[in-house]
Amino acid sequence: MTEPSWDAIRCFLAVAHCQSLSGAALELKMSVATLGRRIDSLEADLGLKLLRRGPTGVQLTEQGSAILKLADPGARHLAQVVRAARALQSGPELPPVRISATEPLIADVLAPRLGALREKAPDVRIELEVSNALADLNSGASDLAIRMSNPADETLVARRLPSIRLGLFCSRSYLAGRTPEQLRLQDERLLWLDSQYGDIPENLWLKANGLESAVLMRSSSIRSLHNAAVSGSGIAPLPVYSAVAANLVEIPAPALPTRQPWLVFHRDTRSVKRLQVIRDWVFDCCVSTFA
């Protein structure tokens, strides 16, 4: 048996946790083809079949489950070494602090307020990444994250941020002289979140109100829904803060679910001073935007 590389094991762990090659490839920032070759190489080195690949995703074999139990603790310890090294580093060449969040939070909440961060920490460099994966934090790939759920992982700390109210919005050109109260949603063109997200609150609201047949377009990108609404293409469920800033008009409707964001970071980084400064900045950005 050939001794496997840690990189191949890391790829296996990502696939096992994501339960899909495409999800793991996105998390690891590599192509699905490259990831598949790494898994093939690991299976060849170990002489074991670790995964069953199918059209709906991947499943662990019995041997894969056994290897996962052994590899997971090692991955956590290695990630802890990476986080500790980052915390112990000092001097002018510190690595950037990596923040991951959804696309609207990165583009509309954090990026426009970089000036305030520069005033508090002029030497700190940051990287803003669009991502939803908590695995980024456990692997050490990200230092902070904004997520729409409070993670159950005991190694992570979550700080509650101000809630985000959603509403239905359209442009004045879409109204074409009508008042918002005149609209009957069943007869309008709705722009909605992709059904691939499953039973997220917005999709449950759509079903509960019998409006699925009114959906003209679906997208996994809130920004695309926002831009389509601004162009006059239809009515979209949007965060109130961004819709109001774009001069969109709110349409009367049953209350949409309020989203609760959390600022999440690994407990090992709680006492790192520069991360404390950036966490406070992120919190202030959200307060000034959502409150």
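Student: What makes strand β3 (residues 97-101) and β5 a pair in this predicted model?

Tutor: Two strands count as paired if DSSP finds at least two bridges between them, and β3 and β5 are joined in the parallel sense over 2 bridges, so the condition is met. In this pairing Ile 99 stands opposite Leu 144 in β5.

Student: How do you know that β5 also pairs with strand β12 (residues 262-266)?

Tutor: The criterion of at least two bridges applies here too, and β5 and β12 have 4 bridges in the antiparallel sense, so they are called a pair. Here Leu 144 stands opposite Phe 265 in β12.

Student: Why are Leu 144, Ala 145, Ile 146 and Arg 147 of β5 called buried?

Tutor: The word requires under 20% relative accessible area; Leu 144 and Ile 146 point one way from the strand, Ala 145 and Arg 147 the other way, and all are buried, which means that each of them falls under that limit.

Student: What makes Ile 146 part of a nonpolar core?

Tutor: Membership calls for a buried residue of a listed kind, Ile among them, joined to others through side-chain atoms within 4.5 Å. Ile 146 is buried, and it is one of the residues that touch the most other members in the largest core, which has 55 residues, so the name applies. Helix α12 (residues 273-290) gives the most to this core, with 7 residues.

Student: How do you know that Leu 190 is in contact with Ile 235?

Tutor: Contact means heavy atoms within 4.5 Å, and Ile 235 is among the contacts of Leu 190 beyond its neighbours within four places in sequence, so the two have heavy atoms within that distance.

Note on methods: Residues numbered from 1 in each chain as written. Predicted model: local features only at pLDDT ≥ 70, side-chain atom pairs only at ≥ 80, totals over all residues. Heavy atoms only, no water. Buried < 20%, exposed > 50% of the residue type's maximum accessible area, 1.4 Å probe, protein only.
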